[in-house]
Amino acid sequence: MKIKQVEELVDITRKNIRFYEEQGLLSVGRSENGYREYGMEDVKRLKQIRLLRRLSVPIEDIKQLFHGKFTLEDVLERQQVQLEHQKESIHRTQLYCRQLLEGRPCLETLDVDGCLEQMDRLEQEGVMFMDETHRDIHRIKQRGAIMGAGVMLLLTLAPVGVILWAGRSTHIPLWALLFFLGVTVVTCAGLIAALVGRIREIKGGEEDEASKY
């Protein structure tokens, strides 16, 4: 079966499927013409991956499981420990917020340096705060895709403006003008459709999220 059918059966995007292939979690056969040919075993494996990822199991642990180095029990126990660490970290962050609230804080009078020092000490003890250097890679990619599509649209529409301007002084056959305009409209529609598809891929894919594991 083709990847579109697999997307519908497993309810994950083709970008995720390709990513899992790249990570060695899925090995797909090829048809005689060289195209990927998915089978029900691939669908089963992808459903297993989806289940584990929804439990936030890291990619590397899933890989070790599929390679026989971990058992499912090992993976779930490791994940349970990790979740307990996260739970404790969230609890201690809540306590710190409560501590700040008890002092009826005002931003202008808040001892920011002292707060940051205390947060550094808590991080050394295992509490995880938001990394202020973190950047939303998905938003950056979306912005890049929009800018790229915008440039392509401008390059596509620029010749139309030139031809219309030249047509004021030079006779251009109506059929040629309509043909050129039709091609331009189709090209612009294709660019917009490609942009929409790319944004959906960025939102639906987990390649960037998985890179942290």
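A salt bridge is a side-chain nitrogen of Lys or Arg within 4 Å of a carboxyl oxygen of Asp or Glu. R18, E21 and R36 are linked in a network of such bridges.

The model is predicted: local features need pLDDT of at least 70, side-chain atom pairs count only at pLDDT 80 or more, and totals for chains, interfaces and linings use all residues. Residues are numbered from 1 along each chain as its sequence is written, and side-chain values use heavy atoms, with hydrogens and water left out.

**Exercise 1. Salt bridges**

Task: state how many salt bridges the rule counts, and place the partners of E37, D11 and E60.

Solution.
1. The count comes to eight salt bridges.
2. E37 pairs with K2, with the closest N and O atoms 3.4 Å apart. E37 lies in strand β2 (residues 36-37) and K2 in the segment before α1 (3-10), so this pair ties together parts that are 35 residues apart in sequence. Helices (H or I, at least four residues) and strands (E, at least two) are DSSP runs, numbered from the N terminus.
3. E37 is partly exposed at 31% relative accessible area, and K2 is partly exposed at 41%. Buried means under 20% relative accessible area, exposed over 50%, and partly exposed in between (1.4 Å probe, protein chains only).
4. D11 and R50 meet through their side chains at 3.6 Å, N to O. D11 lies in the loop between α1 and α2 (14-22) and R50 in helix α3, so the pair ties together parts that are 39 residues apart in sequence. D11 is exposed at 55%, while R50 is partly exposed at 27%.
5. E60 bridges to K63, the closest N and O atoms being 3.9 Å apart. Both lie in helix α4 (residues 59-66), three residues apart, about one turn of the helix. E60 is partly exposed at 35%, whereas K63 is buried at 17%.

**Exercise 2. Aromatic pairs**

Task: find how many aromatic pairs a search of the whole structure gives, and classify the geometry of each.

Solution.
1. Rings of Phe, Tyr and Trp (its six-membered ring) pair if their centres lie within 6.5 Å; planes under 30 degrees apart count as stacked, over 60 as edge-to-face and the rest as tilted.
2. The search finds two pairs. The ring centres of F19 and Y20 are 6.0 Å apart and the planes stand at 55 degrees, so this pair is tilted. F19 and Y20 are both buried.
3. For Y96 and F129 the centres are 6.5 Å apart and the planes at 65 degrees, so the pair is edge-to-face. Y96 lies in helix α5 (residues 72-102) and F129 in the loop between α6 and α7 (137-166), so the pair ties together parts that are 33 residues apart in sequence. Y96 and F129 are both buried.

**Exercise 3. Surroundings of Q118 and T184**

Task: for Q118 and T184, give the helix, the exposure and the contacts beyond four places in sequence.

Solution.
1. Q118 is found in helix α6 (residues 112-124) and is partly exposed at 22% relative accessibility.
2. Contact means heavy atoms within 4.5 Å. Q118 touches Y96 and Q99. Q118 and Y96 are 22 residues apart in sequence and 9.4 Å apart in space, C-alpha to C-alpha.
3. T184 lies in helix α8 (residues 174-204) and is buried at 8%. T184 is in contact with T156, L157 and V160.
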